[in-house]
Amino acid sequence: MKYLTFADLFESDSQPVFTLSLEELLQFGLMEDVIYAKSTREKTKILMDYIEGQLFTDILGRARVQDVDALARMVVYIAKNTGRDLSVRELAQVARINQRTAQRYSELLQDAGMVVLVPALIASAAGDNTNAANSSINSDGASSDKRSDFSNMAGGNRLAKNVGGKLKYYFTDVGIRNALMDDFRSPNERLDNGRLWENFIVQERLKILKDKIILGLVELNFWRNYSNQHIDYIEVHNPAAASTSAAADPPIRQINAYEIRWLPQQTLMLPKKFRSLYPEAKFRIVTPLDYADFLN
């Protein structure tokens, strides 16, 4: 299944190719077949058929999943908690399976290109981020190799003070998320519009940064401390990763921190602790009023 990008919706002169509102994009996502579908009913059918095929045919056909109901419970729980940091232990409890099986199911979802995991940004003693390129960290601290272009692209950060070893799960398309929840209502009619909006922004940034992430030039993270201060989404740009020589003064990394908010009137500032750890960080709030340049 091919996905379009937000930029694909516009021609070179910034004129829209498709007359789609932001609300429609958040309802049905950016699968190519969905974008070209002419009716709401047709869009819904395409997405529901895709879920049935991807989750219950492709994944189950390729893997020895003994408890189909457990996998379904787990993936629906992830959909309802998109953007919230989750541990394998929590997923195992919800699905009523052991942690090893929950970890395996998580990997299956990544292999299928259904979800992407984003780890926490952790400061080392020197104030730098610990980078384990092309791997993600599970709740037991073990790493797993990159399995596909979207699998584990975000990199991993391994340090003891990671808050509970948790990861954020994002779906590669909000249409998939909504199909799993069987909820295609307008975001203005939903209580989870903040989570929906965050998934949409992150999924589109993943498409833009995909090649750089795979090369280790960019890492995606979130940040939370034990006082529950947090940053929704962080991009760590590592220009030094592109260098093939040991320069005396390697390029300085850039940390861009983002709060992703559905309600534009919210006023937010970087937490003082984050600012003290990363004084060079840039900060932006992404809302429905000013997101277009961020996705082009």
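Okay, let's start with R96, which is exposed, with a relative accessible area of 60%. The cut-off for exposed is over 50%, so that's why R96 gets the word. Before I go on: what you see above is a predicted model.

Where does R96 sit? In the loop that links α5, residues 88-95, to α6, residues 99-111. Its backbone has something to look at too: phi of R96 is near 60°, and that's a positive value in a residue other than glycine.

Now, N228 has a story you can tell along similar lines. Phi of N228 is near 70°, again positive in a residue that isn't glycine. You'll find N228 in the loop between β6 (218-224) and β7 (230-237). Buried or exposed, then? N228 is exposed, and the relative accessible area is 53%.

Next up, a pair of helices. With two packed helices, people describe the angle between the axes and the distance between the axes. So let's do that for helix α3, residues 40-62, and helix α4, residues 68-80: their axes come within 12 Å and cross at roughly 125°. What does that make α3 relative to α4? Oblique, because angles over 115 and up to 145 fall outside the parallel, antiparallel and perpendicular ranges. And the hand of the α3 and α4 crossing is right-handed.

Which residues meet there? On the α3 side we've got L55, F56, I59 and L60, and on the α4 side they meet V68, L71, A72 and V75. Sort that contact by class and you get 8 nonpolar residues, no polar ones and no charged ones.

Okay, on to the sheet. Go back to β6 and β7, the strands on either side of N228's loop. They belong to an open sheet of 4 strands, in the order β6-β7-β8-β9, with mixed pairing. Which strands are at the edges? β6 and β9 (282-286), since each of them pairs on one side only. On average, neighbouring strands in this sheet are turned by 25° against each other, if you ignore direction.

Let's zoom in on one pairing. Strand β8, residues 254-260, runs parallel to β9, and 5 bridges join the two. If you want a spot to click on, try A257, which stands opposite F283 in β9.

Last piece: what lies across this sheet? Helix α8, residues 193-214, lies across β6, β7, β8 and β9, and α8 runs at about 15° to β7. Turn the model until you can see α8 and β7 together, and look for that angle of about 15°.

That's my tour, thanks for listening!

Key
Residues are numbered from 1 along each chain as its sequence is written. This is a predicted model: local features need pLDDT of at least 70, side-chain atom pairs count only at pLDDT 80 or more; totals for chains, interfaces and linings use all residues. Side-chain values use heavy atoms; hydrogens and water are left out. Buried means under 20% relative accessible area, exposed over 50%, partly exposed in between (1.4 Å probe, protein chains only). Axes are lines fitted to C-alpha atoms, for helices over the stretch in contact, and angles run from 0 to 180 degrees between N-to-C directions. Angles under 35 degrees count as roughly parallel, over 145 as roughly antiparallel, 65 to 115 as roughly perpendicular and the rest as oblique. A crossing is left-handed if the near helix is turned anticlockwise from the far one by less than a right angle, and right-handed if clockwise. Contact means heavy atoms within 4.5 Å. Ala, Val, Leu, Ile, Met, Phe, Trp, Tyr, Cys and Pro count as nonpolar, Asp, Glu, Lys and Arg as charged, and the others, Gly among them, as polar. Two strands pair if DSSP finds at least two bridges between them.
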